[in-house]
Amino acid sequence: MKNAWGLRVLGGLLLVCLMGGGVLARGKSLEELLSLRTAVIWVEGQRLGDLVVGARARLEILLVDRDLVEEIYGENSQAPDWLRLHAQYASSGALKGKTLFIVRYKALIPWSFDPQEISVGDHRVDWKDILTRKEFFPSGELPSGMMGELALAVPGSFNKASEITVAYGEWPSTLKIPGR
């Protein structure tokens with residue numbers, strides 16, 4: 001009796017290993033990949049422990065690399081539309097010698113958004129760096145609750161850095177480069 005039970009358990013473990021191996025080999029989920037590649041900036045916000053008070057806006061700056069693109073366009077991907085839309089630039093000729101970043105932002109109170117206030121590493125964003133057509137993202141004076149996204153082609157490769165500073169004006173954050 002004991003041997004039959006042990007064989008069933010062993011057989012079940014073998015089946016789990018064979019069938020679940022793909023899940024284990026796949027690596028990180030989309031949510032994990034996004035969290036490892038995203039820096040958050042609170043414009044005019046003051047940190048009080050885990051809370052942020054007085055922020056005009058929240059910006060998320062996302063580094064788009066090969067691993068993330070593979071997950072976004074993978075067979076069973078659950079990537080949201082905004083991410084698919086902006087990640088399409090990863091295969092664009094406009095990225096030659098550049099790195100793709102996606103910026104998501106939300107005005108928490110009335111705020112004047114100027115994409116040229118964004119900096120990635122030593123590079124200050126210019127209109128020529130923005131891949132998203134200007135008509136498709138809100139800028140200038142924004143009311144509370146207004147949200148937008150845009151894709152940037154930032155000159156240079158960040159392959160050798162372990163982290164970079166991203167900022168909106170004088171409000172910085174640190175973006176750790178995955179795998180370093």
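This passage walks through the sheet, the nonpolar cores, the salt bridges and one backbone oddity of a predicted model.

The sheet comes first. Four strands make up an open sheet, lined up in the order β1-β4-β5-β10, and the pairing is antiparallel. The edges belong to β1 (38-43) and β10 (147-155); each has a single partner strand, so one side of each goes without a neighbour in the sheet. Going from one strand to the next, the twist averages 20°. As for the pairing at the β10 end, strand β5 (residues 98-107) and β10 run antiparallel and are joined by nine bridges. Within that pairing, R104 has E149 of β10 as its bridge partner.

Next, the nonpolar interior. The largest nonpolar core counts 28 residues, and the ones with the most contacts inside it are L59, F101, Y105, W111, F113, I118 and L152. Two or more residues each come from β1, β4 (57-64), β5, β6 (111-113), β7 (118-120), β10 and β11 (163-168). Strands β1, β4, β5 and β10 of the open sheet are thus on the list of contributors to this core. Y105 gives a good feel for the surroundings: setting aside its neighbours within four places in sequence, this tyrosine is in contact with R58, L59, W111, F113, F137, P138, L142, M146, M147, G148, E149 and L150. Among those partners, L59, W111 and F113 also sit on the list of residues with the most contacts inside the core. Another core lies apart from this one; it has 19 residues, including L30, L33, L34 and Y89.

Then there are the charged pairs. The count of salt bridges comes to eight. One of them brings back a pair already met in the sheet: the side chains of E149 and R104 meet at 3.7 Å, N to O. This salt bridge links distant parts of the chain, with E149 in strand β10 and R104 in strand β5, 45 residues apart. So what is the burial state of E149, buried or exposed? E149 is buried, because its relative accessible area is 19% and the cut-off for burial is under 20%. R104, at 24%, is partly exposed. E149 turns up once more among the contacts of Y105, so to speak a residue with a bridge partner in R104, a salt bridge to R104 and a contact with a core tyrosine.

Other salt bridges have their own settings. E163 and K176 meet through their side chains at 3.4 Å, N to O. Since E163 lies in strand β11 and K176 in strand β12 (residues 171-176), the pair ties together parts that are 13 residues apart in sequence. Here E163 is partly exposed, with 41% relative accessibility, whereas K176 is exposed, with a relative accessible area of 54%. The side chains of E135 and R133 also form a salt bridge, at 3.2 Å, N to O. Both ends of this pair are out in the open by the numbers: E135 is exposed at 59%, and R133 is exposed at 52%. Finally, R37, D65 and D67 are linked in a network of salt bridges.

One backbone detail rounds things off. E44 is not a glycine, yet its phi is positive, at about 65°. This residue sits in the loop between β1 and β2 (46-48). With a relative accessible area of 35%, E44 is partly exposed.

Definitions and conventions:
Residues are numbered from 1 along each chain as its sequence is written. This is a predicted model: local features need pLDDT of at least 70, side-chain atom pairs count only at pLDDT 80 or more; totals for chains, interfaces and linings use all residues. Side-chain values use heavy atoms; hydrogens and water are left out. Two strands pair if DSSP finds at least two bridges between them. Axes are lines fitted to C-alpha atoms, for helices over the stretch in contact, and angles run from 0 to 180 degrees between N-to-C directions. A nonpolar core is a set of buried Ala, Val, Leu, Ile, Met, Phe, Trp, Tyr and Cys residues joined through side-chain atoms within 4.5 Å. Buried means under 20% relative accessible area, exposed over 50%, partly exposed in between (1.4 Å probe, protein chains only). Contact means heavy atoms within 4.5 Å. A salt bridge is a side-chain nitrogen of Lys or Arg within 4 Å of a carboxyl oxygen of Asp or Glu.
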